[in-house]
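Student: I have a model open on my screen and I would like to learn how to read it. Could you walk me through it?

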Amino acid sequence: MFENIIGHEFQKNILLRAARDGVVSHAYLFSGPGGVGKRLLAIEFAKLLNCVGAGAEKGGLCECGACRKINKGIHPDVITVQFAGAKNIKVDQIREEVEEKLFLKPFEGTFKVVIVDDSERMNNSAQNAFLKTLEEPPSESVIILVTSHPNSLLPTIRSRCQSLGFNPLGEKLIVDVLEKRGELSSEEALLCSKLSGGSLGRALSLDKEIIEWRKELIVRLSALNKYSASDVADLTDTVSDGASSDDTGRLEMAFQFIYLWLRDLVILKTGSGEITNTDLSGIIAGTAGKWRLDDLLDRQRQLEKTWYDIFRTNANLKLALENLFIKLALSPSAL
């Protein structure tokens, strides 16, 4: 089972011991960066709890009927709740998708397992309703909250879960996976590993086209004139192109690239480490020399605010991006 998950040996061992020793918690909080394997490990843990084959003894690969059903997403006692495209998970959704199913007795497995992905998107009403379930959990049930932003959850929810933190994966682990796929050169695999921030999921989503798109984005940001309406509008169209409420992957990727660009500028100003965009070191060094450190830190805060406005509220996408790029741009005298 856990053999399919790269890294996270400490977390795997904790879950294996819990299952073997019969000390499974009623609720877990899996937190850490996106794309590092939190949801996958939650599913593998659900398989371990309900396995009827040899896999239950070792945590290894298993082809028993229960594990096959969980792999296909058709096991009646293992429910993965995902609200694709929803900025906020509402109380009615939690009651229908989680509470009503959780309080049913296991149909054919040992445990009723409910995995709530992106659980930080529950609004306050939904979290308060969910808290009641955590306070009086049904027997033979396990709740697993998966999140990249644990501080967005109520402290009372976090305190009632056994917390397992997940760190970014090592650069070499990601490079090895990418090189085995054979789609990128060694240099490109290393660059993708750096750009992924330790997220295997993000690294696997990168290809030659996206690498070049990132390069174009950084070049344009480095030369952006805040008083050129056409420059700002063109860049806004480039970043928002294809983004919809149901598919924000490319937009999220753009925010990640902008964050790494600003981080590289701060690193060069402070001499505190190695930059990520190594193939653009000359352009980044030239831009860093035109800004003060305080200006860069202020732009990082503006990027975080814009991300929150777009992904957590109902902010107008193009207007929010235009305002961001105006704040990120250099004045003409610095160009």
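Tutor: Here is a short tour, from the sheet to the helices and then to a few single residues. Keep in mind that this is a predicted model.

Student: Let's begin with the sheet. In what order do the strands lie, and is the pairing parallel or antiparallel?

Tutor: The general idea is that strands of a sheet pair through backbone hydrogen bonds, in either a parallel or an antiparallel way. Here 5 strands make an open sheet, and reading across it gives the order β2-β3-β4-β1-β5, with parallel pairing. The edge strands are β2 (78–81) and β5, each of which pairs on one side only. From one strand to the next, the twist averages 15°.

Student: Which residues could I click on to see the pairing for myself?

Tutor: Try β1 and its partners. Strand β1 (residues 27–31) pairs with strand β4 (residues 141–147) in the parallel sense, over 5 bridges, and Leu29 has Leu145 of β4 as its bridge partner. β1 is also joined to strand β5 (residues 162–165), again running parallel, by 4 bridges; here Ser31 is matched with Gly165 of β5. Then move to β2, which pairs with strand β3 (residues 112–116) in the parallel sense over 4 bridges. For that pair, look for Ile79 and its bridge partner Val114 in β3.

Student: Are the faces of β1 covered or open?

Tutor: Both faces are covered. On one side sit Ala27, Leu29 and Ser31, on the other Tyr28 and Phe30, and all are buried. Put as a count, 5 of the 5 residues of β1 are buried.

Student: Which strands does helix α2 lie across?

Tutor: Helix α2 (residues 38–50) lies across β1, β2, β3 and β4, and runs at about 170° to β4.

Student: Now the helix pairs. How do I describe two helices that pack together?

Tutor: Two packed helices are described by the angle between their axes and by the distance between those axes. Take helix α5 (residues 91–102) and helix α6 (residues 124–135): their axes come within 9 Å and cross at roughly 20°. Angles under 35 degrees count as roughly parallel, so α5 and α6 are roughly parallel to each other. The crossing of α5 past α6 is right-handed.

Student: Which residues make that contact?

Tutor: From α5 they are Val91, Ile94, Arg95, Val98, Glu99 and Leu102, and from α6 they are Ser125, Ala126, Ala129, Phe130 and Thr133. By class, the contact of α5 with α6 has 7 nonpolar, 2 polar and 2 charged residues.

Student: And how do α8 and α9 lie relative to each other?

Tutor: The axes of helix α8 (residues 171–181) and helix α9 (residues 186–196) come within 9 Å and cross at roughly 135°. α8 and α9 are therefore oblique to each other. Their crossing is right-handed. On the α8 side, the contact is made by Glu171, Ile174, Val175, Leu178 and Glu179. On the α9 side, the residues are Ser186, Ala189, Leu190, Cys192, Ser193, Lys194 and Ser196. The contact of α8 with α9 divides into 6 nonpolar, 3 polar and 3 charged residues.

Student: Let's turn to single residues. What should I look for in the backbone angles?

Tutor: Most residues other than glycine have a negative phi. His8 has a positive phi of about 60°, although it is not a glycine. Asp118, also not a glycine, has a positive phi of about 50°.

Student: Where are His8 and Asp118, and are they buried or exposed?

Tutor: His8 is in the segment before α1 (9–21), and it counts as buried because its relative accessibility is 8%. Leaving out residues up to four places away in sequence, His8 touches Val36, Phe166, Asn167 and Leu169. Asp118 is found in the loop between β3 and α6. With a relative accessible area of 27%, Asp118 is partly exposed.

Student: One last residue: where is Ile310?

Tutor: Ile310 is in helix α15 (residues 293–312). Its relative accessibility is 5%, so Ile310 counts as buried. Compare its position with Leu296: the two are 14 residues apart in sequence and 21 Å apart in space, C-alpha to C-alpha.

Terms used:
Residues numbered from 1 in each chain as written. Predicted model: local features only at pLDDT ≥ 70, side-chain atom pairs only at ≥ 80, totals over all residues. Heavy atoms only, no water. Axes fitted to C-alpha atoms, helices over the stretch in contact; angles between N-to-C directions. Helix = DSSP H or I, 4+ residues; strand = E, 2+ residues; numbered from the N terminus. Parallel < 35°, antiparallel > 145°, perpendicular 65-115°, else oblique. Left-handed = near helix turned anticlockwise from the far one by under 90°. Contact = heavy atoms within 4.5 Å. Nonpolar A, V, L, I, M, F, W, Y, C, P; charged D, E, K, R; others polar. Buried < 20%, exposed > 50% of the residue type's maximum accessible area, 1.4 Å probe, protein only. Pairing = 2+ DSSP bridges.
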